[in-house]
Each structure stands twice: as structure tokens, then as C-alpha cells.
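Work through the exercises below with the structure open. Try each task before you read its solution.

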Amino acid sequence: MSELIAALPMYDWPEARDEVDAQWTLLRDAFRRKGIDAPQSIVRRNGDLPPMPGGIRDGEGQLIAPDPATLPPDELDFHKLWLHPALLFAQTCWGPMELGLSSHVQVVGQPSYDACEGGQGELYSSALVMRTGEGPEVRSPADGKALLPLDLIRGRRFTFNSPDSMSGIIALTRDLEAAGESLDIFSSRSESGGHRDSIVAVAEGKADVAAIDCESWALARRFEPAAKAVEVVGWTRRRKGLPFITARTTPESTVKAMREALAGLAEQPRIQRVG
């Protein structure tokens with residue numbers, strides 16, 4: 001049994017778990033063909049993470065996260081997952097990476113977003129959603145540039161999934177700044193806790209605008225009833241999507257083998273090697 005862990009938490013909606021498990025099976029088998037001791041299944045709970053008595057420490061011995069055994073066992077703390085030294089493979093977001101995570105992990109590859117409107121290869125964008133009827137619905141620009149309905153969103157209430165989310169707030173912040181605006185264009189800002197929660201908040205009138213990454217929006221259109229009450233009124237600029245990562249301590253030979261495995265799966269949906 002492998003002592004390593006893997007997770008694909010970013011699009012692991014309850015309704016899509018069979019699909020996520022199938023994606024891991026594809027990856028796991030490709031890794032094993034390269035001689036990597038990939039775990040049989042992905043983790044979905046803090047209780048599935050190997051305990052780290054005394055907490056998780058960096059290469060210099062500094063404490064960077066508590067022992068996973070001290071966390072609520074049926075929840076999953078993404079940041080503790082990403083920092084775990086047994087991490088073989090997982091998804092993260094470029095927001096946390098820019099805020100310090102990159103010093104503790106290695107990037108292995110990027111997923112492909114070709115299957116989603118708003119995505120192209122390793123690039124993705126966020127759909128700006130409002131309640132149906134409050135603005136004209138628009139399609140993702142073919143050139144991948146930002147399409148921001150400034151007059152429409154001005155003075156509205158904005159909700160976002162988390163402050164370190166590239167797709168939920170950072171990308172929009174940067175696109176607004178490029179247009180000579182800022183988040184002050186909104187009358188208020190609130191944290192929802194997740195893209196799905198943001199969609200529900202807009203649909204229920206608790207907020208007016210949210211930025212939802214294109215793959216989460218595709219999932220919402222399939223599985224979230226509240227998505228029927230909102231529509232896309234704008235798009236952020238396309239940027240590099242969620243990276244696949246491994247622990248900083250993963251041997252170079254293993255990282256190389258995983259990249260080769262991803263390259264071999266490049267024709268499969270949602271898999272793309274590092275460029």
C-alpha cells in the first residue's frame with residue numbers, strides 16, 4: 001500500500017465524484033506504468049491524511065501547518081493537504097501559489113480546459129454571473145480578453161469564494177485595474193466559501209455579481225439548480241488554470257516520470273503536460 005497521497009479536490013462536486021475517481025484512475029495507472037507508487041484512491045477528508053506528530057514542518061524545520069490528526073476528520077483543509085510532505089499529486093490554485101505555497105511544492109503540469117466555454121488549453125477564465133434578466137448574456141470572447149460590463153456591475157454587491165482565489169477575485173481585481181477601475185466599483189463585497197455558494201447567493205438575491213471559473217460554471221449548469229436563475233454577463237481574461245502539484249520533497253526522478261506520464265495522456269480530456 002502506498003504511503004503517498006493524492007487528491008483532485010478543486011472540482012470534486014458530490015455529483016461528479018465518479019468522474020473525478022475515473023480521472024484519478026487514469027492518472028494513477030499512467031503513473032504506475034512509470035514505476036511510481038501512486039495510491040489506489042484519492043483522499044477527500046482530513047482523516048485520510050497521514051498524521052504528522054508535532055505538525056508539518058518545512059525544510060528548515062519551521063512549523064508550517066498543524067498535525068492533520070488535530071483537524072476535523074470529515075472536512076478537508078486544502079492548505080494542509082497541499083503542505084503535506086506525503087503529497088504525490090494534487091490540484092491547487094495560482095492564488096495560493098502566489099501567496100507563498102509555491103515555496104513548499106513543485107508544479108508537475110496543467111489541466112486542459114478545452115472542454116469548457118472560457119477555456120483554451122491550459123488557460124481558463126471566469127464567468128461573471130448575475131441574476132437572469134439583469135443584463136444581456138454574453139459568450140466567452142474568442143480572443144480570450146476580458147469582457148467586463150462596467151456600467152452593469154457598478155454599485156452592485158459582489159460575492160467571491162475565498163480571498164486567495166485567482167478565479168473568484170484576484171483575476172477580476174487585475175482586469176478591473178487594467179480597465180482603470182478597482183473592486184470599489186462594487187457597493188459591497190462578501191465571502192461565500194465556494195463557487196457553488198456564490199452562484200446560490202446570486203440566485204437568491206443575497207449578492208448581485210460573482211466570478212465563477214469556467215469549469216465550475218460548467219459543473220453548476222449540470223448539477224446546481226440555482227444556476228438556472230443566473231446568466232453570464234461578462235468574462236475575465238484567460239489565464240493559466242489550476243496547476244497540478246507535488247510536495248517540494250518529491251524526488252526529481254519522480255517529478256520527471258509524472259511529467260512524462262502526463263505527456264502520454266495529453267490527448268485525454270483535461271490532461272496536459274507542463275509546457
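The exercises below use a predicted model.

**Exercise 1. Strand β10**

Task: Find which strands pair with β10, and in which sense. Then decide whether the residues of β10 are buried or exposed.

Solution.
- Step 1. Start with β7, residues 126-131. Four bridges join β7 to β10, and the two run antiparallel. Leu 128 has Ala 211 as its bridge partner in β10.
- Step 2. Go to β8, residues 157-160. β8 pairs with β10 in the parallel sense, over two bridges. Here Thr 159 stands opposite Ala 210.
- Step 3. Check burial. Buried means under 20% relative accessible area. Five of the five residues in β10, 209-213, are buried.
- Step 4. Split them by face. Val 209, Ala 211 and Asp 213 lie on one side, Ala 210 and Ile 212 on the other. Both faces are covered.

**Exercise 2. The nonpolar cores**

Task: Say how many residues the largest nonpolar core has, and which elements give two or more residues to this core.

Solution.
- Step 1. Recall the background. Nonpolar side chains tend to be buried together in soluble globular proteins.
- Step 2. Count. The largest nonpolar core has 44 residues. Val 129, Phe 158, Leu 176, Phe 186, Ile 199 and Trp 217 have the most contacts inside it.
- Step 3. Assign elements. Two or more residues come from each of β7, α4, β8, α5, α6, β10, α7 and β11. The largest share, six residues, belongs to α5.
- Step 4. Inspect one member. Beyond its neighbours within four places in sequence, Val 129 contacts residues including Val 202, Val 209, Ile 212, Trp 217 and Val 232.
- Step 5. Look elsewhere. A second, separate core has 19 residues, among them Ala 38, Phe 89, Ala 261 and Leu 265.

**Exercise 3. Helix α6**

Task: Identify the buried residues of α6 and what covers them.

Solution.
- Step 1. List them: His 195, Ser 198, Ile 199, Ala 201 and Val 202 are the buried residues of α6.
- Step 2. Place them around the axis. They span an arc of only 160°, so they sit on the same side of α6.
- Step 3. Recall the geometry. An α-helix has 3.6 residues a turn, so residues three or four places apart point the same way.
- Step 4. Find the cover. It includes β7, β8, α5, β10, α7 and β11.
- Step 5. Follow His 195 to a neighbour. Ser 165 touches Cys 93, Ile 170 and His 195, leaving out residues up to four places away in sequence. Ser 165 is in the loop between β8 and α5. At 5% relative accessible area, Ser 165 is buried.
- Step 6. Look past the end. Just after α6, Gly 205 takes a positive phi of about 80°.

**Exercise 4. Salt bridges**

Task: Locate the salt-bridge partners of Asp 12, Arg 196 and Arg 154.

Solution.
- Step 1. Asp 12 pairs with Arg 44, with the closest N and O atoms 2.6 Å apart. The partners are 32 residues apart. Asp 12 counts as buried, at 12% relative accessibility.
- Step 2. Arg 196 pairs with Glu 15, again with closest N and O atoms 2.6 Å apart. This pair links helix α6 to the loop between β1 and α1, 181 residues apart. Arg 196 is partly exposed at 21%, and Glu 15 is partly exposed at 37%.
- Step 3. Arg 154 meets Glu 181 at 3.0 Å, N to O. Arg 154 is in the loop between α4 and β8 and Glu 181 in the loop between α5 and β9, so the pair ties together parts 27 residues apart in sequence.

Technical notes: Residues numbered from 1 in each chain as written. Predicted model: local features only at pLDDT ≥ 70, side-chain atom pairs only at ≥ 80, totals over all residues. Heavy atoms only, no water. Buried < 20%, exposed > 50% of the residue type's maximum accessible area, 1.4 Å probe, protein only. Pairing = 2+ DSSP bridges. Core = buried A, V, L, I, M, F, W, Y, C linked by side-chain atoms within 4.5 Å. Contact = heavy atoms within 4.5 Å. Arc of directions from axis to C-beta. Salt bridge = Lys/Arg side-chain N within 4 Å of Asp/Glu carboxyl O.
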